[in-house]
Structures are given as C-alpha cells and as structure tokens.
Amino acid sequence: KIYKQYGNDTLKVIRENPYRLAEDIYGIGFRTADEIAKKMGISSDSPYRIKAALKYIILNAAGDGHCYLPEEELLEKTSIMLQIARDLVKDELSSLLFSQSFFMTTEDEKNLVYYMPYHVAENNVAKSLVELSLSEQSEISLDIDKVISDIEKESDIKFGEKQISAIKSSIQNGVSVITGGPGTGKTTIINAIIKIMELEKKEVLLAAPTGRAAKRITETTNREAKTIHRLLEISFANEESGFNRDEDSPLDCDVIIIDEVSMIDIILMSQLLKAIRMGTRLILVGDVDQLPSVGAGNVLKDIINSGVIKVLQLDEIFRQGEASMIILNAHLVNKGQNPVVNEKGKDFFFIHNKSSGEILETITNLCSERLPKFYGFHSLKDIQVLSPMRKGDLGVVKLNEELQKALNPKSESKRERRFGEEIFREGDKIMQIKNNYQISWELVENNYVTEEGTGVFNGDFGYIEEIDEEEGVIKVLFEDGKRVLYEFKQADELKLAYATTIHKSQGSEFPAVIIPAWSGPPMLLTRNLFYTAITRAIDLVVLVGEKRYISQMIRNNLISKRYSSLDKKISNYFRLVKEFHK
C-alpha cells in the first residue's frame with residue numbers, strides 16, 4: 001500500500017515525515033505513524049508530530065459527531081496526548097490555520113476550530129437551505145383540498161389537521177421538514193404528496209441515507225427510492241470517490257423527498273444540496289427524537305432549531321384505535337413514561353430475569369424456540385436482538401457467540417474460519433458494516449442469475465452460503481437476493497448479526513425485536529437509544545431483564561452535546577438575505 005502511494009519516493013517520504021502515512025494511507029492511523037517516528041528518532045515536539053496530532057484529535061471529534069472543537073479543548077487534548085507544552089501546540093495550530101487546513105471563528109467570545117471541510121459543509125448547507133426555501137416554485141394548478149379529499153375516499157382514511165398542513169406546506173414551500181414518531185402518518189403524507197405532484201406531472205425523486213431505509217420507502221410508496229449516494233451517482237477514480245451529480249450537473253426533477261433525515265451527517269447533506277437546483281421542492285422527513293447521525297453534525301435538529309425552515313411536527317398517533325402497543329409505548333417512552341407491558345393479545349412484552357446469565361439463556365431460547373413456535377417467526381430472518389453495547393456480558397459480541405451456538409452450531413458438514421474475534425460458519429447471519437460501492441453482485445432467482453451490478457451497503461443483512469478455503473472466498477446471499485463473493489481480506493466488512501448494536505439498526509425494521517434490559521455505561525443507556533430500539537420493531541417487542549434498568553434508560557434523557565453551528569448559520573444567513581432585499 002505504502003509503495004503504491006509513493007513509488008520510488010517511499011523511503012524519502014517516510015524519513016522526512018512519517019506522519020504523512022496517517023494522512024495518505026488507509027488503515028494507518030496517527031498511533032502507528034507515531035510509533036514509526038519514535039523508532040526513527042523524530043523528536044516529541046516535532047512540528048510534523050504536533051500537526052498530525054491536532055488533525056487526529058479534530059477528526060476523532062468528528063467521529064464522535066462534532067463539526068468543530070473549542071480552541072481551548074483542542075489545545076488541552078493535544079497537549080495532554082503528546083505530553084508537551086500548550087504553547088508549542090498553539091504555534092502549530094496557527095500554522096494549520098494559515099495553510100487553511102483548519103478554520104477558526106469566534107462565537108459567544110469563544111474561539112471555535114473547524115477542520116476546513118466541515119466548516120465549508122456547514123456554510124454550504126446553511127446557504128443552500130435558505131436559498132432553496134426562498135426560491136420561486138412552479139405553480140400548482142390543482143385544487144389541493146379536493147385531491148386530499150379524493151385520497152381520503154380512495155384509501156379509506158381521514159387526515160388530521162396537522163397531516164393536511166404537512167401536505168399543503170410541502171407543496172407551498174421550497175423546503176419543508178416533516179418530523180414525528182412512529183404511527184404519526186409520515187408515510188401516508190409522503191404518498192399523498194407524491195400523488196399530488198404526479199397529477200401535476202412533476203418529477204419526484206425519493207431517497208434515504210441507507211440501503212435498508214431506501215428499500216422500505218420503495219415498499220411503502222411503490223416507487224423506486226435510492227440511497228443518497230446512488231441518487232448522486234457516486235463514482236470512483238484512483239481509489240477516490242466523488243459524485244457525478246453536483247452544482248454543474250444537478251438532479252433533474254421537481255421534487256425531492258428524503259426520508260430518515262436524522263441519519264444524515266453534515267458532509268452528505270452538503271453534497272446532496274449541491275446537486276439540487278433552485279426551484280426544486282425539498283421535503284425532509286424524519287424522527288428528530290431518534291439517534292443522531294453516526295458522522296459529524298446534528299443536521300435535522302439544527303434545521304428545526306434554526307426557526308427559518310418550515311417545520312411540521314406530527315405528535316398525534318394517526319388512526320389511534322388501530323395503533324399497536326409498540327407505537328403507543330414509543331410515544332410514552334419519548335414523553336419520559338414507562339411502557340405498558342404484557343397486555344394479553346398485544347405485542348409488547350417484558351420477561352423478568354435477575355442475572356446476565358439468565359437473560360442470555362432467555363434470549364437464546366426466545367430466538368431458537370419460543371418465538372418461532374408461538375408466532376411462526378423465522379429464527380434468523382424475522383428476529384433481531386438489539387443491545388446498547390458491543391462489549392460486556394450482554395454486549396453484541398457475547399450475544400452473537402451464544403446465538404451462533406444455538407442457531408447455527410458447529411457441524412462437520414459446515415465449513416468455518418476465524419476472522420479476528422469472530423468465527424464465520426456456513427449458515428451464519430451476517431451484516432455488511434461499511435458501504436462498498438464497487439463490490440460486484442448477482443441477483444439470483446430460482447437459481448438463475450437475473451441481474452448483475454455493484455454495491456453493498458452498511459446495514460445490509462445476509463447469510464454465509466459457502467466458505468471456500470481453496471479460492472479464499474466467502475459467498476454471501478443477502479436478504480434482497482444479491483449474491484456476493486468476498487475475498488478473505490475483505491472479511492473485515494462483515495460481522496455476525498444475530499445481535500447488533502442499536503446504533504447499527506438505525507434505518508432498519510424487523511418483525512420481532514428482543515432487547516436486554518441490564519446495567520451498562522450511562523452514556524449508552526439513554527432514552528433516545530431505547531426509543532430507537534423499540535421503534536425498529538414491526539410486530540413484536542420483548543424486553544428481557546430488570547424493570548429498573550428500563551426506568552433508568554427512560555429517565556436518562558442525556559443527549560450528548562454535539563459541537564455544531566448549523567442552526568445559527570441558517571438563521572444568520574436568512575437574516576442577511578432579508579436585509580439585503582429590503
């Protein structure tokens with residue numbers, strides 16, 4: 001990898017500045033580069049080392065969801081990590097600001113330091129949203145009230161006032177946000193907007209951040225929905241990715257509806273907005289109470305808090321009489337109240353267990369015997385165990401070990417191989433854990449290949465069909481029928497998935513969800529994590545453990561603060577535009 005990057009200059013580059021490896025070579029981080037530098041005798045206060053450490057800390061912060069760090073925090077963290085004086089760190093920070101790798105701004109008398117791409121992305125999102133919201137829309141000639149009334153008759157539904165407002169607002173405004181919990185009618189509203197726009201001969205595009213979320217919209221609207229990356233036509237050259245759709249080649253449509261917006265980070269939102277031309281209606285749909293994006297930013301919450309973009313908050317359960325306990329309990333949890341459990345003939349249950357060992361045993365038994373027997377669920381395809389954490393007695397790693405033993409035990413007829421901390425076995429349920437846009441797949445129906453293409457996405461579930469030691473490949477059949485061959489060296493893109501973290505389940509839905517209710521770090525046992533977990537279930541939720549931990553999660557409304565200024569930038573830019581046009 002290193003030689004491929006630098007060619008004949010490899011030794012020269014490493015001797016001069018080994019910290020370049022952390023920047024240029026995928027898989028080599030600051031710590032590894034620092035070890036190499038130490039062995040080469042590079043001093044602990046080398047400017048190269050300090051600059052690399054500053055980048056490492058600010059990018060780590062981005063990994064935790066922050067768009068910037070306060071200057072004091074950045075200096076302190078870097079100084080402590082490198083064990084050197086703050087003044088030396090400050091000098092190199094000045095150098096990075098001068099070279100425009102970083103950007104510094106002042107807010108409420110505090111200096112805030114951005115890694116430049118995040119500053120540019122925030123500015124672009126703020127500017128684009130304000131301009132789109134103020135841009136002139138094409139006229140709608142239909143009688144909207146009549147069309148809404150016709151939809152109600154056709155679908156045998158009755159929209160509430162807020163649902164009608166959401167439909168009208170999306171048609172009248174350049175940018176609208178529709179937010180609400182499960183069962184508040186978001187999907188019904190999307191379908192109504194699509195119907196109105198198609199009657200007006202408007203071109204509508206649908207997208208979501210993940211493959212599974214896009215698949216779900218396709219199913220609920222009977223229209224094709226793409227991942228945002230696919231919508232923007234991601235392309236590759238020299239191992240670098242980019243998008244074919246941008247300001248020079250915008251998306252050709254009149255309306256864009258994006259679902260699961262809470263999952264979109266600031267960089268992806270910026271790329272999306274670059275590809276939307278003025279006059280296009282943008283409708284953003286999501287649940288602001290779910291977990292925020294894995295990447296940097298707090299996009300949906302900031303857009304709502306800016307006070308500039310039209311927001312429709314749906315808080316009434318649509319068709320209240322038909323609502324399941326899953327939906328009713330999701331709303332109770334969101335209000336800080338305990339769920340109602342174990343009602344006869346309902347779909348939300350709690351099983352009391354007093355130890356982690358007992359919980360593990362119950363969960364295994366539920367997956368292998370009880371739920372398949374009583375509800376007809378398939379052990380692998382229908383039931384998903386969700387845990388707040390990866391490590392610990394009831395973390396994903398331990399759960400997968402035990403569930404693999406019960407649901408796909410070792411057998412002479414099944415080949416297996418260890419990859420890192422996990423054993424992969426033929427028949428295992430796995431998950432793709434990163435987007436891979438270049439990997440090839442075949443669509444298989446009745447043992448015939450009906451289609452070929454590329455791309456498997458973070459969060460896609462599948463099953464190991466074959467492990468071929470001779471060829472060095474793993475054959476995986478994904479739930480959507482795509483068959484993919486992974487070389488052994490690509491196995492780090494896959495994880496066992498009998499159990500997954502709640503974070504990883506975002507954007508997915510499962511017929512049955514089982515959640516252990518046990519002790520863990522307070523930062524993981526939070527209300528919005530628990531809320532996200534129960535809203536993944538379609539037909540059944542089973543909580544296993546102690547009620548006090550459920551109450552603890554619901555009381556712990558800790559929403560970790562993300563450093564982001566998008567809300568302020570939107571309102572500031574809106575004010576400037578308004579003043580300019582006075």
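Q: Which handedness does the crossing of α8 and α21 have in this predicted model?
A: In this predicted model, α8 and α21 form a right-handed crossing. Their contact is made by H119, E122, N123, V125, A126, K127, L129, V130, E131 and L134 on the α8 side, and by L566, K569, I570, Y573, F574, V577 and K578 on the side of α21.

Q: Why is α8 called oblique to α21?
A: The axes of α8 and helix α21 (residues 566-580) lie 9 Å apart and make an angle of about 45 degrees. Angles under 35 degrees would count as roughly parallel and those from 65 to 115 as roughly perpendicular, and the arrangement of α8 and α21 is therefore oblique.

Q: What makes α8 oblique to α14?
A: The axes of helix α8 (residues 116-134) and helix α14 (residues 266-274) come within 8 Å of each other and cross at roughly 45 degrees. An angle that is not under 35 degrees, not over 145 and not from 65 to 115 counts as oblique, and α8 is therefore oblique to α14. This crossing of α8 and α14 is left-handed, and the residues that make the contact are P117, Y118, A121, E122, N124, V125, S128, L129 and L132 from α8, together with I266, I267, M269, S270, L273 and K274 from α14.

Q: Why does Y118 count as buried?
A: Y118, which belongs to helix α8, has a relative accessibility of 15%, and since buried means under 20%, Y118 is counted as buried. Beyond its neighbours within four places in sequence, Y118 is in contact with L59, A62, C67, I266, I267 and A296. One of these partners, I266, is 148 residues away from Y118 along the chain, and yet the two C-alpha atoms are separated by 7.3 Å.

Q: How do you know that the span of helix α6 agrees with what is expected?
A: Helix α6 (residues 71-82) has 12 residues, and at 1.5 Å a residue it should span 16 Å. The C-alpha atoms at its ends are 17 Å apart, which agrees with that expectation.

Q: Which residues of α6 are buried, and why are they said to line one face of the helix?
A: The buried residues of α6 are E71, L74, L75, T78, S79 and L82. When α6 is viewed down its axis, these buried residues fall within an arc of 120 degrees, so they line one face of the helix. This fits a general rule: an α-helix has 3.6 residues a turn, so residues three or four places apart point the same way. The elements that the buried residues of α6 pack against are α4 (30-39), α5 (47-63), β1 (68-70), α7 (86-98), β2 (102-107) and β3 (110-115).

Q: Why does E71 count as buried?
A: E71 is a residue of helix α6, and its relative accessibility is 7%. Buried means under 20%, so E71 meets the criterion with its 7%. If its neighbours within four places in sequence are set aside, E71 is in contact with K90, L93, M104, N111, L112 and V113.

Q: What makes I57 buried?
A: I57, found in helix α5, has a relative accessible area of 9%, and I57 is therefore buried, the limit being under 20%. Apart from neighbours within four places in sequence, I57 is in contact with L69, L74, K77, T78 and M81. Of these partners, T78 is 21 residues from I57 in sequence, while the distance from C-alpha to C-alpha is 7.0 Å.

Q: Why does Q100 count as exposed?
A: Q100 sits in the loop between α7 and β2 and has a relative accessibility of 58%. Exposed means over 50%, and Q100 is therefore counted as exposed. Q100 also has a positive phi of about 65 degrees, although it is not a glycine. As background, most residues other than glycine have a negative phi.

Q: Why does D156 count as exposed?
A: D156 is placed in the loop between α9 (144-155) and α10 (161-172), and its relative accessibility is 69%. Since exposed means over 50%, D156 counts as exposed. The phi of D156 is near 55 degrees, which is a positive value in a residue other than glycine.

Definitions and conventions:
Residues numbered from 1 in each chain as written. Predicted model: local features only at pLDDT ≥ 70, side-chain atom pairs only at ≥ 80, totals over all residues. Heavy atoms only, no water. Helix = DSSP H or I, 4+ residues; strand = E, 2+ residues; numbered from the N terminus. Expected span 1.5 Å × (residues − 1). Buried < 20%, exposed > 50% of the residue type's maximum accessible area, 1.4 Å probe, protein only. Arc of directions from axis to C-beta. Contact = heavy atoms within 4.5 Å. Axes fitted to C-alpha atoms, helices over the stretch in contact; angles between N-to-C directions. Left-handed = near helix turned anticlockwise from the far one by under 90°.
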